[in-house]
Protein chains: 2
Amino acid sequence: MVSTLKPQLGANPERARSHNKQLVLRAIRHVGAVGRAEIARASGLSTQAVSNIISDLLGEGLLIEQGVRSAGRGLPVQQYAIKPDGGYAFGVEVRPTAVFTALVDLVGTPVLARRTPLRNAGKSTILETVSAQLASALIEARISKGALMGAGIVMPGPFGDTGLTGTESELPGWNTGDPAEIFANTLNLPVFVENDANAAAMAERMNGVARGLDDFAYLYFGQGLGLGLVQNGQILQGAFGNAGEIGHIQVLVDGHAVELESATSRLSVQACLAREGLDVTNMEDLISLYSSANRHLLVWLDKAAQALSSALSIIENLFDPQTVILGGAMPDVLLDHIIARTALPERSVSNRPDRVHPRLMRGTSGRMTATLGAAALVLHQAFTPTIAEAR
Amino acid sequence: MVSTLKPQLGANPERARSHNKQLVLRAIRHVGAVGRAEIARASGLSTQAVSNIISDLLGEGLLIEQGVRSAGRGLPVQQYAIKPDGGYAFGVEVRPTAVFTALVDLVGTPVLARRTPLRNAGKSTILETVSAQLASALIEARISKGALMGAGIVMPGPFGDTGLTGTESELPGWNTGDPAEIFANTLNLPVFVENDANAAAMAERMNGVARGLDDFAYLYFGQGLGLGLVQNGQILQGAFGNAGEIGHIQVLVDGHAVELESATSRLSVQACLAREGLDVTNMEDLISLYSSANRHLLVWLDKAAQALSSALSIIENLFDPQTVILGGAMPDVLLDHIIARTALPERSVSNRPDRVHPRLMRGTSGRMTATLGAAALVLHQAFTPTIAEAR
DNA sequence: AGCGTTAACTCAACTTTCTTGAGTGTTCAA
DNA sequence: TTGAACACTCAAGAAAGTTGAGTTAACGCT
């Protein structure tokens, strides 16, 4: 009867300070090196307040002084930058056969990255493996656990019991309990869980082609095809955390309606080439097929581009993003080929003359994208002001 | 070279207070009547802080005492509620042939609503008409201008120069300058501009079936078909304010790909019936055709439901909303018919057993939906905490 | 019926953090 | 050479939150 109040944070001095700290960090990260006055103007705070906050952050080892810049008249600007070893983030990508882990510093540079095969895909095996990898990563990088700000975990979605469960690539045993909580308890760290596409999008935003973009979409070629949506600088998660399940929508290829994922994904290209007797298991195989201009691969690429054009129309018209990024487990040359061949829909809100970004861009590809993205989730959190965050 | 800092507000005492005030108002609005302790728990503020804020809000005439409720042990709760005449919002919907206006009180109850025909669709004519309507509305309702919190304006999108311009129903002369600013200067009020679908979605969230929902989609039957997306309680606007342009995406009807809007919109049903020699100009005509079970109308409804099923699959899988609402310029009986006939996609993240809301619901329909939604934009703003709002 | 427990709310003192305004040092331009 | 522009610091003051003790009212156990 009594509808419960959704918790949302009020502002008290402590939270205000924390909010402002993150605001300052974000501003410094955004431009690499800035002075206090500029931050003050952008944030609506007094220079004094910014000065105090920066001196705090220096004390916490999150910032370093970064020389002076004399900009026209007046006292030269004392600039500050993020201190790379001010903190670290642990990124984990869980797959049915292996766990990928990476350690990333505060500016997003990978310190180490590793692939660990799994004996089995059981929940406890995964938790043990991740724990062990975290411990050994800390030792290898000579970092204290206190310097770890958190862990990002990439797991195959969708989460919970949906109409899409029962499909391939699922991990058993994770439908009960909140994965984030389970990992948080095991690792004793703040944990953020996302799917591969969302994580990849954040990686791109932290240190890739989407740097500084607040509204974009990321199409992630994985086992299937995932969509990561960033709106206003935040990942769009949906009511139950399953937004971006684009793989199952219908698109047109050669006049026929097919599931998008069946035309553009790693499984799709493997299946297509397997029908022609070609056994492709890794990215190198694909690259060599492409460099030899394999006809079947080119046909597949053409169909993938067609499917993508439909998908692009939907994404652009529904989200009106600054750009759409393509990346993931697909060689760069193939992504570039697809991008070059994808017809940019004319009837689209994105077809505007005053664009500054291309409508379709290639992001970081390769096996570690999502893992680094997992770590990027932690960094994102560290650089995002907290008050008024609803969840 | 120097990338500019995106302004984002830091927290100072003044803004913290304003944030907290809105938080308290929102909490009270959400449940109708609450006590201070409960708000304190939900917001993470002390009861003392909430008490102080409430006494402020009482002084400003935004709240009224709402009796005591004895809930178990302890001192009975002194409850508070929004004071209806604590403020008013003006809603405007601009169409090429007429301007719709409405005055709404702080709890969302319409005080008056009106349709004013336009001599022409020129910019100055519109501005004059809206100004005049605002003035006369204040007089008629005996409200001082000071009690007006702002104006919401609904205008046909998309905004700016896109691949979709040059189509029907546009207003000339609004592509230069920011419409919000122009109206704000003319009316001398805070102004919020949105398209019809977004406004309707907010109306539904304020006082309709989406009350209390933070993640949902609203399909608005207007001239065409628009999609209003609410994510985390906020309208999803996209990078250039044109998100939700769903009318032009391709869907399948009887195995053929067509533009969604050509199968489900007012223009579509009019065109379809006109081909059969039936001239339908208003909702009453449609209702009588429906009650006489007109074959052509039933065929159209069937196709609309088919198209909608495709659209629903896309919306659900991309946004993972709590529910999808149908409303707008279409009679309730027709909306209900369409909803009953729309196949709910099985392969959808929304097809989950633990749902609490239906996947498809009917919202408020009728000519004034978007106009009331325009006013709801103002209310929404009044009830939304401000710190960390990025735009 | 009496009395201890529970819970909402208030009062007054205290704390945190921000702002303000005066003052310092550096640079550029007239 | 001088003054304006600008970044930054210092110290005092102001705003808004928290804390802890005290008050009041309802419930429930004896």
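Start by selecting B:Ser51: one of its polar side-chain atoms lies 2.7 Å from a phosphate oxygen of DNA strand C. That is a polar contact, here a pair of N or O atoms within 3.5 Å. You are looking at a predicted model, in which local features need pLDDT of at least 70 and side-chain atom pairs count only at pLDDT 80 or more, while totals for chains, interfaces and linings use all residues. Residues are numbered from 1 along each chain as its sequence is written, chains are lettered from A in the order written, and side-chain values use heavy atoms, without hydrogens or water.

Next, click on B:Gln48, where a polar side-chain atom lies 2.5 Å from a base nitrogen of DNA strand C. Then try A:Asn20, with a polar side-chain atom 2.8 Å from a phosphate oxygen of that strand.

Now show everything around DNA strand C. How many residues surround it? There are 27, with A:Arg17 and A:Ser46 among the closest; a residue counts as near if one of its heavy atoms lies within 4 Å. Of the strand's atoms within 4 Å of the protein, 70% belong to sugar or phosphate and the rest to bases.

For the last stop, select helix H6 (residues 196-207) and helix H12 (residues 369-382) of chain B, which pack at about 70 degrees with their axes 7 Å apart. Axes are lines fitted to C-alpha atoms over the stretch in contact, and angles run from 0 to 180 degrees between N-to-C directions. H6(B) and H12(B) are therefore roughly perpendicular, a word used for angles of 65 to 115 degrees. Among the residues making the contact (heavy atoms within 4.5 Å) are B:Ala203 of H6(B) and B:Leu377 of H12(B).

Terms used:
Polar contact = N/O pair within 3.5 Å; in protein donor to acceptor, adjacent residues only side chain to side chain. Helix = DSSP H or I, 4+ residues; strand = E, 2+ residues; numbered from the N terminus. Parallel < 35°, antiparallel > 145°, perpendicular 65-115°, else oblique.
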